[in-house]
Amino acid sequence: MQVAACLRCPNVARNRCKYNYFRYLRTIGLSTRSRVVLAKSIVDSRLSAVKIIKCKTQVEKNRVWQTNDLVRIWRSLLSPALQSLQRAFCHAGRLYMFSEFIAGGELSSLHEKFRRFPNHVARFYAAEVAQALGSLHEQDIVYRNMHPDNIMLSSQGHVKLVGFGFAKVLRDTDSTRTICGCHDYLAPEVLISEGTTMASDWWSWGVLIYFMLAGTNPFHEAALDKHGNVIEPLLYQNILRCEVNFPHWLGDQAASLIRALLVRDPASRLGGKTGRDALPLIMAHPWFSDVLWETLRDTKAPYIPPADDTDKNGGSLNKYDESDDEQENEDDER
Ligand SMILES: Nc1ncnc2c1ncn2[C@@H]1O[C@H](COP(=O)(O)OP(=O)(O)OP(=O)(O)O)[C@@H](O)[C@H]1O
Ligand SMILES: [Mg+2]
């Protein structure tokens with residue numbers, strides 16, 4: 001197959017030499033859609049994370065336009081809170097998408113260690129994720145992929161949102177109906193295909209705040225089997241019923257913000273039906289009264305990842321199978 005032609009992507013360079021500018025060290029992320037590999041430039045030794053997608057699979061599954069969209073959207077991102085795409089090219093049947101290596105690891109790993117974040121820690125991450133979502137929405141992009149695995153930390157401990165595989169441009173009052181994203185974080189209107197908008201991202205953000213503070217998903221109650229696995233129909237029922245228990249130690253202000261977000265009808269949710277104007281309302285919420293929004297990214301983060309984290313991610317420890325086969329049974333569509 002003609003590799004360069006197979007994705008017909010005007011945004012993808014076709015310079016084969018570029019492949020040889022890097023040494024490909026090891027897998028640092030593996031999902032149903034892609035493999036993420038740590039790479040080192042042979043020119044300046046700089047580390048990159050390379051998201052690799054098989055072109056053939058994209059063609060076979062009729063996802064060429066989605067992949068082109070991913071490159072286009074990813075390349076357009078402007079905020080320091082969003083992982084940026086540095087270069088993309090096709091080589092030997094694969095699309096290689098390079099971004100800066102984010103050394104601090106995933107928020108999910110940090111959360112696993114703490115189990116529950118104290119209020120000030122959860123507030124810091126919530127605020128930085130809100131800024132990241134706000135800047136996506138400002139560019140008319142709905143994220144649709146909230147999950148602590150997609151929230152990474154820089155070496156200074158600041159948030160970098162990754163995982164734009166479901167991001168989509170939505171103009172004005174548009175919505176999109178496909179169900180995608182992590183099931184724990186899906187808003188009711190997404191579940192019943194009533195239309196995803198930026199308001200659905202704010203719902204997911206509300207779930208994230210609850211999860212960071214409480215250590216559990218707000219809709220897991222009675223939806224877990226005896227091994228702790230989610231029973232999906234029960235989870236979805238809980239989401240649609242929208243009943244959430246708030247442990248007293250969550251604090252009144254955090255609970256009031258989460259209550260304003262986990263509202264079944266997007267029109268009554270904080271930020272309103274489209275969610276486009278949510279950020280200023282969120283910034284003004286009393287839970288954030290101590291947050292200096294303008295200088296947030298210059299302040300000291302509550303947790304500075306250890307300096308040897310790069311080694312952990314890129315060094316001898318390797319938790320992923322390096323064999324060639326990405327899982328390819330994924331069927332989420334846009
Ligand atoms: N720039 C990066 N630096 C370090 N690790 C990264 C980087 N990008 C991705 N990763 C790791 O790879 C994992 C998967 O990356 P990503 O979320 O982009 O791909 P995906 O899950 O296949 O796609 P998507 O989330 O868009 O559906 C991340 O959760 C993270 O652990
Ligand atoms: Mg991801």
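Here is a short chat about strands, a core and a ligand shell in a predicted model.

The model is predicted, so local features need pLDDT of at least 70, side-chain atom pairs count only at pLDDT 80 or more, and totals for chains, interfaces and linings use all residues. Residues are numbered from 1 along each chain as its sequence is written, while chains are lettered from A and ligands numbered from 1 in the order in which they are written.

User: Why are strand 2 and strand 3 called paired?
Analyst: Pairing takes at least two bridges found by DSSP, and strands are DSSP runs of E, at least two residues, numbered from the N terminus. Strand 2 (residues 35–41) and strand 3 (residues 47–54) have 6 bridges and run antiparallel, so they pair.

User: How do you know that strand 3 pairs with strand 5?
Analyst: 7 bridges join strand 3 to strand 5 (residues 94–100), so the at-least-two rule is met. Ala 49 stands opposite Ser 99 there.

User: What makes a set of residues a nonpolar core?
Analyst: You need buried Ala, Val, Leu, Ile, Met, Phe, Trp, Tyr and Cys residues joined through C-beta atoms within 7 Å. Buried means 20 or more other C-beta atoms within 10 Å of a residue's own, with C-beta atoms placed from the backbone. The largest core here has 84 residues, and Trp 205 is among those with the most contacts inside it.

User: Why does this core lie between the domains?
Analyst: Domain 1 (4–101) and domain 2 (107–298) both give residues to it, so it lies between them. Those bounds come from an automatic or database domain assignment.

User: Which residues are closest to ligand 1?
Analyst: Gly 29, Ser 31, Ala 49, Gly 163 and Gly 165, out of 20 surrounding residues. Being near takes a C-beta atom, placed from the backbone, within 6 Å.

Definitions and conventions. Helices (H or I, at least four residues) and strands (E, at least two) are DSSP runs, numbered from the N terminus. A residue is buried if 20 or more other C-beta atoms lie within 10 Å of its own, exposed if 12 or fewer, and partly exposed in between; C-beta atoms are placed from the backbone.
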